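Got the viewer open? Keep the selection panel handy, and we'll go from stop to stop.

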Amino acid sequence: MVTAVSSILKSLGEDSLRKELTGTPGRFVKWLMNFQSIDMDLKLNGSLSGGVDTFDPDREVNFKDRQIHCELNLPFWSQCEHHILPFHGVVHIGYFISEGFDPIAKSLVQSIVHFYGFKLQVQERLTRQIAETIAPLLLGGHVIVVVEASHTCMISRGIEKFGSSTATIAVLGHFSTDLAAKAMFFQSVASATTSRGQ
Ligand SMILES: [Zn+2]
């Protein structure tokens, strides 16, 4: 891999033996290996057991008695698979929670976000994979996920302005039909975005 990067530098007209560049291929490869694709089961299985809102699957979900729990502004880094360039941003997650139940531990949610981020990705798939991993932890699997991201590939080509971001959304279960619940979630996202100063 290091040889391959040296060869890319040469193709760019650089002298890869130049003092300042000697460590560059190695550093690039080290960074790139952060995004190595690893089997999901190996990493998350342990932490996903021992469920959260675990319940009788036959129990009727009463949405009136349930609140929407929001995890907002979870940071992530990823690598656009079309250009092998970074994109990064924040993830917002909303789900119903019954009274007396604890929300999913924030550390678990953040590790799910990191897990799907640290690989070659497209933003839409990242959004869907986060939703599909969180859904089985919840009664009925009702979850909404929004990913806001800035893409180096788009900013550097002038398609996206610096500081702007692209939003994608994944909706599972009740959130696809309950417009009021969706609106409540978006309201929380909007106030979290305002407090981030955007
Ligand atoms: Zn790209």
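## Stop 1: Asn 73

Select Asn 73 and show what surrounds it: leaving out residues up to four places away in sequence, Asn 73 touches Val 90, Val 91, His 92, Ala 192 and Arg 196. Before reading anything into the geometry, keep in mind that this is a predicted model.

Color by secondary structure and you'll find Asn 73 in strand E1, residues 66–80. Is the residue buried or exposed, or something in between? Asn 73 counts as partly exposed, because its relative accessibility is 22%, and the cut-off for buried is under 20%.

Now check the backbone. Asn 73 is not a glycine, yet its phi is positive, at about 55 degrees. For a distance label, pick the C-alpha atoms of Asn 73 and Gly 89: they sit 8.3 Å apart in space, with the two positions 16 residues apart in sequence.

## Stop 2: Ile 84

While the torsions are on screen, go to Ile 84. Here too phi is positive in a residue other than glycine, this time near 50 degrees. Ile 84 belongs to the loop between E1 and strand E2 (85–98). With a relative accessible area of 43%, Ile 84 is partly exposed.

## Stop 3: Gln 79

Back into strand E1 for Gln 79. How accessible is Gln 79? Its relative accessibility is 0%, so Gln 79 counts as buried.

Show its surroundings and you'll get a long list. Ignoring neighbours within four places in sequence, Gln 79 is in contact with Trp 31, Leu 32 and Phe 35, among others. Ile 84, from the previous stop, is one of its contacts as well, and so are Leu 85, Pro 86 and Phe 87. Add Gly 117, Lys 119, Leu 120 and Gln 121 to complete the selection. For another C-alpha label, take Gln 79 and Phe 118: 39 residues apart in sequence, 7.2 Å apart in space.

## Stop 4: Glu 148 and His 92

Select Glu 148, which is found in strand E4 (residues 143–151). A relative accessible area of 12% makes Glu 148 buried, since buried means under 20%. What does its side chain pair up with? Turn on His 92, and you'll see a polar contact of 2.6 Å between the two side chains. You've met His 92 already, as one of the residues that Asn 73 touches.

## Stop 5: Thr 127

Next is Thr 127, in helix H5 (residues 123–134). Thr 127 has 1% relative accessibility and so counts as buried. Set aside the neighbours within four places in sequence, and the residues in contact with Thr 127 are Val 145, Val 147, Thr 168, Ile 169 and Ala 170.

## Stop 6: H4 against H5

Keep H5 on screen and add helix H4, residues 106–117. Two packed helices are described by the angle between their axes and the distance between the axes. For H4 and H5, the angle is about 140 degrees and the axes are 10 Å apart. The two helices are therefore oblique to each other, and H4 passes H5 in a right-handed crossing.

Sticks on for the contact: H4 brings Val 109, Ile 112, Val 113, Tyr 116 and Gly 117, which meet Leu 126, Gln 129, Ile 130, Thr 133 and Ile 134 in H5. Sorted by class, the contact of H4 with H5 has 7 nonpolar, 3 polar and no charged residues.

## Stop 7: H1 against H2

Move to helix H1 (residues 2–11) and helix H2 (residues 24–32), which pack at about 120 degrees with their axes 8 Å apart. H1 and H2 are therefore oblique to each other, and their crossing is right-handed. The residues to select are Val 2, Val 5, Ser 6 and Leu 9 of H1, along with Thr 24, Pro 25, Gly 26, Phe 28 and Val 29 of H2. By class, the contact of H1 with H2 has 6 nonpolar, 3 polar and no charged residues.

## Last stop: the entire chain

Zoom out and switch to cartoon. How many helices and strands does the protein chain have? Its secondary structure comes to 7 helices and 5 strands. From the N terminus on, trace them as α-α-α-β-β-α-β-α-β-α-β-α.

If you color by accessibility, 40% of the 198 residues count as buried. For a contact map, take the contacts with a separation of 6 or more: residues 24 or more positions apart account for 70% of them.

Definitions and conventions. Residues numbered from 1 in each chain as written. Predicted model: local features only at pLDDT ≥ 70, side-chain atom pairs only at ≥ 80, totals over all residues. Heavy atoms only, no water. Helix = DSSP H or I, 4+ residues; strand = E, 2+ residues; numbered from the N terminus. Buried < 20%, exposed > 50% of the residue type's maximum accessible area, 1.4 Å probe, protein only. Polar contact = N/O pair within 3.5 Å; in protein donor to acceptor, adjacent residues only side chain to side chain. Axes fitted to C-alpha atoms, helices over the stretch in contact; angles between N-to-C directions. Parallel < 35°, antiparallel > 145°, perpendicular 65-115°, else oblique. Left-handed = near helix turned anticlockwise from the far one by under 90°. Contact = heavy atoms within 4.5 Å. Nonpolar A, V, L, I, M, F, W, Y, C, P; charged D, E, K, R; others polar.
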